[in-house]
Amino acid sequence: MKLGGRALKLFLGVAIVAFGVIRYCGSQEENPYTGRTQAISLSTEEEIAIGLQNAPIMAEQHGGLYPDQRLQDQIDAVGKKLVDNTIAQETPYQYEFHLLSDPNTVNAFALPGGQIFITYALYKRLSSEDQLAGILGHEIGHVVGRHSAERIAQSELANTVATGAQVGADAGMLASQLGQTILLKNGRGDELESDDLGVKFMIEAGYDPEALIEVMQILKEASGGQRVPEFQSSHPDPDNRIDKIRAAMDKYRT
Ligand SMILES: [Zn+2]
């Protein structure tokens, strides 16, 4: 009887994992703006709502909005130029760009649905509008690439797999390792896809994509020993990232 109980548990565990995988695979769709197939469990309306809901919270965590409206206007203008001249304009997302007061954390990030942020600590290190365009273009890439929504679908899968692992014990181990591998690989892919799209958007909007490589160097210098910001939490090493940016420059600069 004891053996039978174990077999049943294992069966249930595998069934739960299989359910999660089937649901995840069933949510695969092609992103019309990148052409890449990805698992998504949120509608674009839900993405926009999540972004709008969380934007004030993110701002508050970084000391609120930067008080100088002239700088905010400049960021809005560069962001608008990038959106108006690229496929970003055809997406249902509402792009808004926010300069945050935070003078210490060198960072930029995007919420799903189009809310995009750059800290003053990063902004003040920039020496050209092209560099700013590089950062905003990369962040628009995260939105168009639907990376947050993809991560949410992945964490739903990971949760289901973890439940399966608890129930089924043995079989679950393998499944949860598999889940971890998928998550890591995608983290890296997000940054590379955003760099690639960033280069494309810069060229289309009339900016010099070389400036994105300068941004990589600025981030590298700024990171010395500090907490690693989103922009380079990316795991691909910076040199590899620069190689990929150069490849994108060749690809889009025909
Ligand atoms: Zn990024």
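1. A good place to start is Arg151, which is partly exposed, with a relative accessible area of 34%. Please keep in mind that this is a predicted model. The salt-bridge partner of Arg151 is Asp190, and their closest N and O atoms are 3.0 Å apart. Arg151 belongs to helix 6 and Asp190 to helix 7 (residues 170–204), so the pair links distant parts of the chain, 39 residues apart. Asp190 is buried, at 6% relative accessible area, so this bridge joins a partly exposed residue to one that falls under the 20% limit for buried.

2. Helix 7 takes part in another such link, this time with helix 9 (residues 238–252). Here Arg241 forms a salt bridge with Glu191, with 3.7 Å between the closest N and O atoms. The two residues are 50 apart in the chain, Arg241 in helix 9 and Glu191 in helix 7. Which side of the burial limit do they fall on, buried or exposed? Arg241 is buried, with a relative accessible area of 2%, and Glu191 is buried as well, at 5%.

3. Next, have a look at Glu29 and Arg146, whose side chains meet in a salt bridge with an N to O distance of 3.1 Å. Glu29 sits in strand 1 (residues 28–30), while Arg146 sits in the loop between helix 5 (129–144) and helix 6 (147–168), so the contact ties together parts of the chain that are 117 residues apart in sequence. Glu29 is partly exposed, with a relative accessible area of 35%, whereas Arg146 is buried, at 9%.

4. How many salt bridges are there in total? The count comes to 13. The pairs described above, Arg151 with Asp190, Arg241 with Glu191 and Glu29 with Arg146, are among them. In general, side chains of opposite charge can pair when their charged atoms come close.

5. Now to the aromatic side chains: the structure holds three aromatic pairs. In one of them, the rings of Tyr66 and Tyr120 have centres 4.4 Å apart and planes at 15°, so the pair counts as stacked. Tyr66 lies in the loop between helix 2 and helix 3 (69–84) and Tyr120 in helix 4 (residues 120–123), so this stack ties together parts that are 54 residues apart in sequence. Both rings belong to partly exposed residues: Tyr66 has a relative accessibility of 21% and Tyr120 a relative accessible area of 22%. Ring pairs also bring in Tyr123, linking Tyr66, Tyr120 and Tyr123 into a cluster.

6. One charge–ring contact is worth a look too. The charged end of Lys81 sits over the ring of Tyr207, 4.4 Å from the ring centre.

7. On to the sheet. Three strands form an open sheet in the order 3-5-4, with mixed pairing. Strand 3 (96–100) and strand 4 (108–110) are its edge strands, each pairing on one side only. Neighbouring strands are turned by 15° against each other on average, with direction ignored.

8. Where does the mixed pairing come from? Strand 3 and strand 5 pair in the parallel sense over five bridges, while strand 4 and strand 5 (residues 115–119) pair in the antiparallel sense over three bridges. For landmarks, Glu96 stands opposite Gln115 in strand 5, and Ala110 has Ile116 of strand 5 as its bridge partner.

9. What lies across these strands? Helix 2 (residues 44–61) lies across strand 3, strand 4 and strand 5, and it runs at about 15° to strand 5. Strand 3 is mostly covered, with four of its five residues buried.

10. Finally, the overall layout. The protein chain has nine helices and five strands, and from the N terminus on its elements run α-β-β-α-α-β-β-β-α-α-α-α-α-α. Of its 254 residues, 46% count as buried. Among contacts between residues at least 6 apart in sequence, 72% join residues at least 24 apart. The Glu29–Arg146 salt bridge, spanning 117 residues, and the Tyr66–Tyr120 stack, spanning 54, give you two concrete links to inspect.

Note on methods
Residues are numbered from 1 along each chain as its sequence is written. This is a predicted model: local features need pLDDT of at least 70, side-chain atom pairs count only at pLDDT 80 or more; totals for chains, interfaces and linings use all residues. Side-chain values use heavy atoms; hydrogens and water are left out. Two strands pair if DSSP finds at least two bridges between them. Axes are lines fitted to C-alpha atoms, for helices over the stretch in contact, and angles run from 0 to 180 degrees between N-to-C directions. Contact means heavy atoms within 4.5 Å. A salt bridge is a side-chain nitrogen of Lys or Arg within 4 Å of a carboxyl oxygen of Asp or Glu. Buried means under 20% relative accessible area, exposed over 50%, partly exposed in between (1.4 Å probe, protein chains only). Rings of Phe, Tyr and Trp (its six-membered ring) pair if their centres lie within 6.5 Å; planes under 30 degrees apart count as stacked, over 60 as edge-to-face and the rest as tilted. A charge sits over a ring if NZ of Lys or CZ of Arg is within 6 Å of the ring centre and within 35 degrees of the ring normal.
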